[in-house]
Amino acid sequence: MNRKGPADLKIRLVDPADEPAVDRAHAVQEAARAFDHPETAPEGRRRFGGFLAQPPQDTQVRCYLAEIGGTAAGVLVMHLLGKENAHYAETEMAVHPDHRRRGVGTALLERLLETAREEVRTEVVVLARIAVEGGPARIETGARFLEKRGFTAALAEIDRSLRLDTVDPAAETRLWDESIGAAADYELVSWTGRTPEQYLEGLSRIDSQIFTEIPLGEVDLRPRTIDTAYVIARDDRAEAQGDTVIRTVAVHRPTGEIAANTVIYIHGDEAHARQAITIVDPAHRGHRLGLLAKLANHRRLREHRPEVTTVWTGNADTNVHMAAINELLGFRPVDACVSYQRKLA
């Protein structure tokens with residue numbers, strides 16, 4: 001029994017092998033998404049369950065389900081990072097629209113803080129969405145709820161979407177032709193699925209730069225070292241979860257180094273693709289590699305998964321360079337996902 005909320009409110013840890021409980025947790029999350037930000041991409045049940053059962057390397061995932069009289073009312077998905085970031089916990093929290101203003105969110109937040117202290121986490125981040133210029137209106141009660149409880153905005157990522165049927169092939173070709181001359185010393189290599197063996201070491205090297213090169217605002221995510229075993233395990237996980245991985249890298253011809261990397265994930269047969277990291281090694285900037293790698297990756301996406309209708313991406317609001325690239329490609333802002341941070345003693 002919880003200290004706050006309805007007398008019959010209970011919160012339980014979801015076992016990823018408990019299919020009915022996972023179904024209920026996913027249904028709450030999807031109901032909240034459809035009510036609060038229906039323009040964003042849904043997360044399929046298989047993807048949701050797969051993430052709980054097979055979390056990323058060096059990360060624990062805990063899912064808590066809040067129930068009122070046996071009815072699913074709220075869900076909390078907690079990411080407990082390891083190794084260099086064992087001080088950090090990141091959380092997604094949702095309350096079903098039919099059960100709001102009844103103490104469910106407060107009870108879930110208490111469970112979050114209790115678990116974070118038990119796990120000796122000194123930084124807790126909870127994600128909340130707000131409106132941005134050019135995007136639809138948003139219900140921002142989640143953000144206000146967190147602010148009243150000692151959380152402060154530490155990082156805002158602007159989520160953008162690209163409808164592939166709106167892309168002008170001629171304009172895209174012109175953009176490629178105008179840019180490719182700056183990359184004469186580089187070869188763009190694309191693949192679908194597992195990383196070819198000859199690129200494992202180079203990919204691990206550039207991916208180790210992620211937390212040092214992307215803007216993180218006030219979020220304290222510390223540089224991590226990625227090795228080839230990590231890259232192989234990441235590919236294993238993608239295969240096990242039914243993800244199609246489409247990746248393009250820029251290889252520096254004189255040295256053979258991977259100078260840029262971009263990747264898109266498509267889960268199962270979903271029509272929505274998710275753009276993950278795009279990174280250019282600082283030593284190789286100024287050659288339009290980020291733009292060219294993305295253009296090449298979009299081409300491969302259309303060739304290999306023509307049923308995909310939309311690509312989603314997110315960048316820190318301070319990352320003006322990547323935002324400019326995304327605007328050139330046709331991405332348009334939808335909303336912002338804000339990392340609300342609270343430090344714990």
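Select Arg288 to begin. In this predicted model, Arg288 counts as partly exposed because its relative accessibility is 37%, between the 20% that bounds buried residues and the 50% above which a residue is exposed. Arg288 sits in the loop that runs from β10 (272-280) to α9 (289-304). Check its backbone as well: phi of Arg288 is positive, about 60°, although the residue is not a glycine. Most residues other than glycine have a negative phi.

Which other residue should be selected for a positive phi in a residue other than glycine? Go to Val120, where phi is near 55°. Val120 belongs to the loop between α3 (104-118) and β5 (123-130). With a relative accessibility of 63%, Val120 counts as exposed.

**The whole chain**

Zoom out and colour by secondary structure. The protein has ten helices and twelve strands. Its radius of gyration is 21 Å, close to the 20 Å given by the globule rule for 345 residues, so the protein is as compact as a globular protein of that length. Along the principal axes, the C-alpha trace spans about 65 × 40 × 35 Å.

Switch to a surface display. The accessible surface of the protein comes to about 15400 Å², and carbon and sulfur atoms account for 51% of that area. Of the 345 residues, 53% are buried. If contacts are drawn between residues at least 6 apart in sequence, 73% of them join residues at least 24 apart.

Now colour the charged side chains. There are 44 positive and 52 negative side chains in the protein. The centres of these two sets lie 4 Å apart.

**The annotated stretch**

Select residues 9-167. An unreviewed UniProt entry annotates this range as "domain: N-acetyltransferase". Over residues 9-167 the chain is 31% helix and 34% strand. The C-alpha atoms at the ends of this range are 49 Å apart.

**Thr40**

Inside that range, pick Thr40, in the loop between α1 (19-36) and α2 (45-53). Is Thr40 buried or exposed? Thr40 counts as buried, because its relative accessibility is 7%, and the limit for buried is under 20%.

Show what surrounds Thr40. Leaving aside neighbours within four places in sequence, Thr40 is in contact with Arg33, Arg129, Arg138, Trp312, Val334 and Asp335. For a distance across the model, join Thr40 to Leu113: the two are 73 residues apart along the chain, and their C-alpha atoms are separated by 28 Å.

**Glu270**

Move to Glu270, in the loop between β9 (258-267) and β10. Glu270 has a relative accessible area of 15% and is therefore buried. Which residues are in contact with Glu270, once neighbours within four places in sequence are left aside? They are Gly44, Arg47, Arg305 and Val308. Add Gly49 to the selection: Glu270 and Gly49 are 221 residues apart in sequence, while their C-alpha atoms are 15 Å apart in space.

**Tyr199**

Next, select Tyr199, in the loop between β7 (186-192) and α6 (200-207). The relative accessible area of Tyr199 is 17%, so this residue is buried. Beyond four places in sequence, Tyr199 is in contact with Val189, Trp191, Val251 and Ile258. Then draw a line from Tyr199 to Ile139. These two are 60 residues apart along the chain, with 44 Å between their C-alpha atoms.

**Val231**

The last stop is Val231, in helix α8 (residues 228-240). Val231 is buried, with a relative accessible area of 0%. Not counting residues up to four places away in sequence, Val231 touches Thr195, Leu200, Leu203, Ser204 and Ile226. Finally, join Val231 to Gly5: they are 226 residues apart in sequence and 44 Å apart in space, C-alpha to C-alpha.

Notes. Residues are numbered from 1 along each chain as its sequence is written. This is a predicted model: local features need pLDDT of at least 70, side-chain atom pairs count only at pLDDT 80 or more; totals for chains, interfaces and linings use all residues. Side-chain values use heavy atoms; hydrogens and water are left out. Helices (H or I, at least four residues) and strands (E, at least two) are DSSP runs, numbered from the N terminus. The radius of gyration is taken over C-alpha atoms; the globule rule is 2.2 Å times the number of residues to the power 0.38. Buried means under 20% relative accessible area, exposed over 50%, partly exposed in between (1.4 Å probe, protein chains only). Contact means heavy atoms within 4.5 Å. Accessible areas come from the Shrake-Rupley method with a 1.4 Å probe; for residues, only the protein chains shown count as cover. Lys and Arg count as positive and Asp and Glu as negative; His and the chain ends are not counted. The place of a charge is taken as NZ of Lys, CZ of Arg, CG of Asp or CD of Glu. UniProt positions are given in the numbering used here, feature names are shortened, and annotations may be inferred rather than shown by experiment.
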